[in-house]
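Please open the model in a viewer and keep the selection panel at hand. The tour proceeds by selections, each followed by a description of what is found there.

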Amino acid sequence: MNQTAQNLDSAPLVDETYYAAVTEAIRAEAARLLTDGRVAAVIGYVAGRRAGSALPAVITTPERAGELIFSPACRNNLSVYLTKPKQDAVPKGKLAIVVKGCDLRALAGLLGESQIRRENLHIIGIACAGVFAANVDQSLPLSEATIAKKCRECTVHLPKEVDFMAGTLPMLPQLAPVEAEELARLEALTPAERWAFWKEQFSRCIRCLACRQVCPFCFCTQCLCDRNRPQTVENSVRPAGNLSWHIVRAMHLAGRCAGCAECERACPMDIPLNLLNRKMAEELKERFDYEAGLSPQEKGPLTSYQEDDDESFIK
Amino acid sequence: MLHSYRRDDTIMPRTITAQNLQALIDALIAANIRVVGPKRVDSLCLYAPLAKGEELDLSELPRRSAKETFLPPAEEILSFERQGASTSVRSPDLSRLPATVLIGARPCDAAAPGILDAVFSWDYQDDFFLERRRKTTIVGIACTKADDACFCTAVGLSPDSRQGSDLFLTPLEGDSYAAEALTDKGAALLERHPELFVQGETGRPLPLAEPRAAKVDLAKIKTWLDGHFESPFWGEIASHCVGCGTCAFLCPTCHCFDIVDEGSEAAGCRRKFWDACGFSKFTLHASSHNPRNTQADRFRNRVMHKFKYYHDKFGRTLCTGCGRCIRACPVGIDLVAVLEDINTQG
């Protein structure tokens with residue numbers, strides 16, 4: 001959390017030439033694909049107005065391929081734009097998409113849930129050194145002080161089975177995990193203390209639903225939590241409804257969440273949502289020996305039934 | 001107008017030390033006055049009721065605006081209870097709303113409630129908002145720090161704008177503040193504890209913040225908006241909007257709310273709560289038709305409401321340039337970039 005982010009080294013983790021090389025590779029590939037008419041659009045990142053910022057962009061002409069970039073500010077998991085609720089953002093037809101390793105996990109999940117088809121995608125993978133945490137000054141270099149928590153524990157710097165790999169991975173230092181430690185700290189608490197922690201966190205929630213809207217797996221066209229006749233989850237911003245919403249969200253993503261941690265990054269109230277996601281993933285691993293992984297899996301343990309399923313919880 | 005402005009020569013500038021500012025907060029709390037001000041909550045700074053003066057943290061712009069002092073994220077507007085065959089309905093007793101001092105509001109936050117008075121006292125008098133306005137004294141503070149999302153100067157305000165403040169603090173060298181009463185409410189707050197202030201300004205003012213956003217021509221932008229409800233521009237800048245409510249909820253001037261009945265048939269209440277035009281269900285009709293069917297349509301509404309509709313109706317701009325929407329947008333939509341684009345096209 002924030003306390004641990006202080007007093008960390010602000011020396012750059014990678015050389016600027018690395019970003020230039022990745023950017024150049026993306027631009028060349030995008031220009032080739034668009035010139036040849038191989039794809040209707042390239043979903044990637046462009047620079048924003050603010051110093052060091054980047055934002056998602058859908059590029060449809062080779063002339064604009066030169067606007068594409070890769071930098072530590074390229075945090076968004078762009079696979080959200082392949083889901084049904086975001087279909088207005090992209091043209092119809094085959095699409096190229098720029099993905100980091102963590103984003104590719106979400107693509108694998110969406111393939112497994114029949115939301116997208118592999119043959120309709122051209123995947124441009126990034127040899128990724130890591131991206132910024134939320135709320136850091138993006139004009140600074142990527143450093144131990146500015147890197148996202150998820151990147152400190154990254155195991156997928158090089159996305160696999162992509163159609164094109166942009167850049168080569170520089171030497172990266174080993175960084176001590178922060179999120180794993182925070183999760184261990186929470187698990188060591190008593191249930192009452194843990195309850196107090198989450199109650200406090202959720203009390204800040206303003207129900208902007210950024211966590212839902214940036215999530216590749218929140219693709220329901222009608223979210224249960226938006227309904228008011230009948231009302232399942234209180235719509236108004238209050239402790240009861242906030243708690244229900246976050247429990248529903250965590251449960252619905254169990255075994256599906258690919259750990260991109262976009263929900264936590266997008267949260268304007270700094271609620272550490274990825275701790276919940278990680279905990280759910282650990283439970284799935286422990287009880288069902290299942291991991292939302294790198295290859296498309298037909299059905300997760302919570303959407304399938306097997307004769308030998310553990311039923312000991314039924315009392 | 002809710003206040004009579006008074007700036008006569010009898011109110012001389014006074015100075016209060018940072019320590020006495022905390023003492024003032026403690027004295028107000030002791031007198032059962034609710035004091036809301038910037039306070040550290042975990043990793044962020046929020047406007048929240050203070051339990052003691054030392055909680056006041058003026059080091060950064062709070063993540064959420066101060067609008068919730070007047071328009072809470074959710075509030076009960078009636079309650080109902082069934083007893084046998086009859087149902088009783090009760091309105092909340094607004095006289096119980098506490099006298100409040102909002103302290104340490106940045107100029108972009110202090111100006112917002114006054115802009116919202118127009119809509120909340122237009123065809124319908126919104127007692128929930130207006131009663132809080134009547135009972136609240138706003139102590140604004142000049143800004144000495146800005147980032148590249150700040151753009152108050154682009155929309156007609158400034159880091160030392162007094163607009164909306166009853167009492168205004170200017171940070172001085174030597175950890176103290178010049179205090180200037182701008183309204184009767186502000187003067188009353190000064191007079192309440194004169195012992196905490198000294199006459200005159202005792203130090204040089206700290207350099208003001210310098211928002212880096214370029215100045216835009218709001219009249220020109222309004223003219224462009226008048227003629228471009230239909231324009232490919234909206235799709236170009238906002239197709240990638242993911243449809244959350246972050247921009248609206250952090251905004252000091254976004255004020256749309258929804259109303260919902262919660263509870264059971266036996267007993268429950270009707271609540272109003274913040275809504276956002278970025279949500280796909282914001283204008284969704286019961287027929288399933290949606291007049292704002294895409295995120296681009298929804299973002300257009302956000303810009304139109306702030307820089308055209310509110311101007312058409314009330315002659316004001318519904319934006320104070322705090323930059324929160326820019327800092328927090330998960331997909332990097334930048335209102336300054338949008339305004340600069342329109343300014344260039346217009």
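The stops below cover a sheet in each chain, a hairpin and the interface.

**Conventions**

This is a predicted model, in which local features need pLDDT of at least 70 and side-chain atom pairs count only at pLDDT 80 or more, while totals for chains, interfaces and linings use all residues. Residues are numbered from 1 along each chain as its sequence is written, chains are lettered from A and ligands numbered from 1 in the order in which they are written, and side-chain values use heavy atoms, with hydrogens and water left out.

**Stop 1: the sheet of chain A**

Select the strands β2-β1-β3-β4-β5 of chain A, which in this order make an open sheet of five strands with mixed pairing. Strands are DSSP runs of E with at least two residues, helices are runs of H or I with at least four, and both are numbered from the N terminus; two strands pair if DSSP finds at least two bridges between them. At the edges stand β2 (54-59) and β5 (164-166) of chain A, each with a single partner strand, so one side of each has no neighbour in the sheet. From one strand to the next, the twist averages 30°. Axes are lines fitted to C-alpha atoms, for helices over the stretch in contact, and angles run from 0 to 180 degrees between N-to-C directions.

Next, select residues 41-47 of chain A: this is strand β1, antiparallel to β2(A) over six bridges. Within β2(A), A54(A) lies opposite A47(A).

Now add residues 16-35 of chain A. This helix, α2, packs on the sheet and touches β1, β2, β3 (95-99), β4 (121-126) and β5 of chain A; contact here means heavy atoms within 4.5 Å. The direction of α2 makes about 170° with that of β4(A). Helix α3 (residues 101-112) of chain A also packs on the sheet, touching β1, β3 and β4 of chain A, at about 135° to the direction of β3(A).

**Stop 2: the sheet of chain B**

Which strand order appears in the open sheet of chain B? Its eight strands run β3-β2-β6-β7-β8-β9-β1-β10, and the pairing is mixed. The edge strands are β3 and β10 (198-199) of chain B; each has a single partner strand, so one side of each is left without a neighbour in the sheet.

Select residues 34-41 and 100-105 of chain B to see β2 and β6, which are parallel and joined by three bridges. R34(B) faces T100(B) in β6(B). Helix α4 (residues 127-135) of chain B lies across β6 and β7 (136-141) of chain B, at about 65° to β7(B).

**Stop 3: a hairpin in chain B**

Select residues 74-83 of chain B, strand β4, which runs antiparallel to β12(B) through seven bridges; E76(B) has R271(B) as its bridge partner there. Five bridges also join β4(B) to the antiparallel strand β5 (residues 86-90) of chain B, where F80(B) is partnered by V89(B). Two residues separate β4(B) and β5(B) in their hairpin, and G84(B) in the turn has a positive phi of about 65°.

**Stop 4: the interface**

Display both chains: 41 residues from chain B and 35 residues from chain A take part in the contact. Together the chains bury about 3,200 Å², 55% of it on carbon and sulfur atoms; buried area is the accessible area (1.4 Å probe) that two parts lose on being put together, summed over both.

Finish with R63(B) and D270(A), which form a salt bridge with their closest N and O atoms 2.9 Å apart. Seven salt bridges are found across this interface, each defined by a side-chain nitrogen of Lys or Arg within 4 Å of a carboxyl oxygen of Asp or Glu.
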